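User: I'm new to reading protein models and would like a close look at one part, the aromatic rings. Could you walk me through them slowly?

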Amino acid sequence: MTEDLIYHNSRKRHALLTLGALVFVAMGVFMIVTKGYWGQGIITILFFGTGAAVGAWQFFDTRPRLQINDEGILDRTLGVGLIPWTDIMDAYVRSINHEYFICLQVLNEQAYLNRLPPLKRKLANANEALGFTPLSINLSGVDLNPEQLLEYILKQSAAAQLSPNNFTE
């Protein structure tokens, strides 16, 4: 491969999520103004206001979310840094509610997990209870075909395993 593949968050998806959250914020205001339901209104405004802020942040975030190059995969949301092709032993696709993940089985998984903060490490380990691997690439909000990406990852990983640079004498 001569060109890096760079994928960003789906702006359309985050715009819709932000808009939806703002509708609920307006409903919270409506509950307070017309019905006097202060408790429910404030909880609604705080909860969906937070969702709107996160959605807006993701909408305006122009940093690459996923980068694939000759060396390996860098998923910014995963937080472990570059995963070289030579470290990827296998991969498979899992989905929950039409949200897709590429589950990576890597050499020395613990070394990658040690790069994470404690809370994120616990969340990564909790993935196993759902049938995921601790190192799973979340494709939610990225316009990618998971099966095509899986095929590409397996091909690059296999080629890296067979590379003469990986054999020591």
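How many aromatic pairs does the structure hold?

Analyst: Happy to help! A word on the ground rules: this is a predicted model, where local features need pLDDT of at least 70, side-chain atom pairs count only at pLDDT 80 or more, and totals for chains, interfaces and linings use all residues. Residues are numbered from 1 along each chain as its sequence is written, and side-chain values use heavy atoms, with hydrogens and water left out.

The structure holds five aromatic pairs. Rings of Phe, Tyr and Trp (its six-membered ring) pair if their centres lie within 6.5 Å; planes under 30 degrees apart are called stacked, over 60 edge-to-face, and the rest tilted.

Take Phe-47 and Phe-48 to begin with. Their ring centres are 5.0 Å apart and their planes stand at 90°, so this pair is edge-to-face. Phe-47 is exposed, at 59% relative accessible area, while Phe-48, at 25%, is partly exposed. Those words have cut-offs: buried means under 20% relative accessible area, exposed over 50%, and partly exposed in between (1.4 Å probe, protein chains only).

Now turn to Trp-85 and Tyr-152. The centres of these rings are 6.2 Å apart with planes at 75°, so the pair is edge-to-face. This pair links distant parts of the chain, 67 residues apart: Trp-85 sits in the loop between strand 4 (82-84) and strand 5, and Tyr-152 in helix 5. Helices (H or I, at least four residues) and strands (E, at least two) are DSSP runs, numbered from the N terminus. Trp-85 counts as buried because its relative accessibility is 2%.

Back to the phenylalanines: ring pairs join Phe-24, Phe-47 and Phe-48 into a cluster. Phe-24 belongs to helix 1 (residues 11-35) and, at 36% relative accessibility, is partly exposed. Phe-24 also forms a nonpolar surface patch with Leu-19, Val-23 and Met-27, and together they have about 360 Å² of accessible area.

To finish, here is the interior. The largest nonpolar core has 26 residues, and Ile-102, Leu-104 and Ile-153 have the most contacts inside it. Such a core is a set of buried Ala, Val, Leu, Ile, Met, Phe, Trp, Tyr and Cys residues joined through side-chain atoms within 4.5 Å. Helix 5, where Tyr-152 lies, gives the largest share of this core, five residues.

Technical notes
Patches are made of residues with over 30% relative accessible area and no salt bridge: like charges are joined within 9 Å, nonpolar side chains (Val, Leu, Ile, Met, Phe, Trp, Tyr) within 5 Å. Accessible areas come from the Shrake-Rupley method with a 1.4 Å probe; for residues, only the protein chains shown count as cover. A salt bridge is a side-chain nitrogen of Lys or Arg within 4 Å of a carboxyl oxygen of Asp or Glu.
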